[in-house]
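Colleague: I have a new model open and would like to read it with you. Shall we start with a single side chain?

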Amino acid sequence: MSVQQTDESFVKLVHKIAPGARLLQVRELSGGLSNEVVVFDIALPDGKVKKMVKRGGENVLSHYQKENALENEFHLLNILHQQGYRVPETYCLDTSGELFKPVYFVMAYMEGVPLFKPENLADYIKQSVQQLVHIHQYPSAATRLSFLPELNASLADSQKRRVRLDATLNEIR
């Protein structure tokens, strides 16, 4: 895809998300291993500038597509955002392939910095634990998260593949 085609697709995407807005800048983020990650800035009709992120596109790994990972990620972020978790707001999911193939979604850009050396380790741990407690209190049970793959089955399959017993040691399964 040429740069001109990409820019034209982003202009159409901006009009789809925010009619009347205009595209200011598009730049690819490095480091995405499973799919393309692109940040783009738009000017809203009221003059505010907003940063957005497009995930997905032509370079999505095939296993990522098969598992509907992008669609699942979009829906999960949407649910978590609605519940008040600090995750990016989602704007659109497109599986049509009209603008970008094969599938992509757009979410808000969130500024952040890695906390590899937090200033106060005790506070950092306390906040992390509180956030995990909050996440695990979500009533995920049946309906709202039923689109996610069954984790227990995946873990069981991976454990079966990794375990190799040594008969000479009389290991039991």
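Colleague: Is Arg 55 buried or exposed?

Modeller: Arg 55 has a relative accessible area of 14%. Buried means under 20%, exposed means over 50%, and partly exposed lies in between (1.4 Å probe, protein chains only). At 14%, therefore, Arg 55 is buried.

Colleague: What kind of model is this?

Modeller: Residues are numbered from 1 along each chain as its sequence is written, and side-chain values use heavy atoms, with hydrogens and water left out. Local features need pLDDT of at least 70, side-chain atom pairs count only at pLDDT 80 or more, and totals for chains, interfaces and linings use all residues, as the model is predicted.

Colleague: Which side chain meets Arg 55 in a salt bridge?

Modeller: A salt bridge needs a side-chain nitrogen of Lys or Arg within 4 Å of a carboxyl oxygen of Asp or Glu. Here the N to O distance is 2.8 Å. The partner of Arg 55 is Glu 73.

Colleague: How many residues apart are Glu 73 and Arg 55?

Modeller: Glu 73 sits in helix H3 and Arg 55 in strand S3. Helices (H or I, at least four residues) and strands (E, at least two) are DSSP runs, numbered from the N terminus. The pair links distant parts of the chain, 18 residues apart.

Colleague: How many helices and strands does the protein have?

Modeller: From the N terminus on, the elements run α-β-β-β-α-α-β-β-α-α. The total is five helices and five strands.

Colleague: In what order do the strands form the sheet?

Modeller: Two strands pair if DSSP finds at least two bridges between them. By that rule, five strands form an open sheet, with antiparallel pairing. Their order is S1-S2-S3-S5-S4.

Colleague: Which strands stand at the edges?

Modeller: An edge strand here has a single partner, so one side of it is left without a neighbour in the sheet. From one strand to the next, the twist averages 20°. The edge strands are S1 (22-28) and S4.

Colleague: Which residue in S3 stands opposite Val 37?

Modeller: S2 and S3 run antiparallel and are joined by seven bridges. Their hairpin has five residues between the strands, and Gly 47 there takes a positive phi near 95°. Opposite Val 37 stands a residue we have met, Arg 55.

Colleague: Which residue in S5 stands opposite Val 53?

Modeller: S3 (residues 49-56) pairs with S5 in the antiparallel sense, over five bridges. Gly 56 stands opposite Tyr 104 in S5. Opposite Val 53 is Met 107.

Colleague: Which residue in S5 is the bridge partner of Leu 93?

Modeller: S4 (residues 90-94) also pairs with S5. That pairing is antiparallel, over four bridges. The partner of Leu 93 is Phe 105.

Colleague: How many residues of strand S5 are buried?

Modeller: S5 covers residues 104-108. The strand is largely enclosed by the rest of the structure, because the buried count is five of the five.

Colleague: Which side chain forms a salt bridge with Asp 94?

Modeller: Asp 94 lies in strand S4, and its partner is in helix H1 (residues 3-17), 78 residues apart. Asp 94 counts as buried, at 6% relative accessibility. The partner counts as partly exposed, at 45%. The N to O distance is 3.1 Å, and the partner is Lys 16.

Colleague: Which side chain meets Lys 54 in a salt bridge?

Modeller: Lys 54 is in strand S3, and its partner is in the loop between S1 and strand S2 (37-43). Both residues are buried. At 3.6 Å, N to O, the partner is Glu 36.

Colleague: What span does helix H3 reach from its first C-alpha to its last?

Modeller: H3 (residues 69-82) has 14 residues. The expected span is 1.5 Å times one less than the number of residues. Its buried residues include Phe 74, Leu 77 and Leu 80. The helix is close to the expected 20 Å, for it reaches 20 Å.

Note on methods. Axes are lines fitted to C-alpha atoms, for helices over the stretch in contact, and angles run from 0 to 180 degrees between N-to-C directions.
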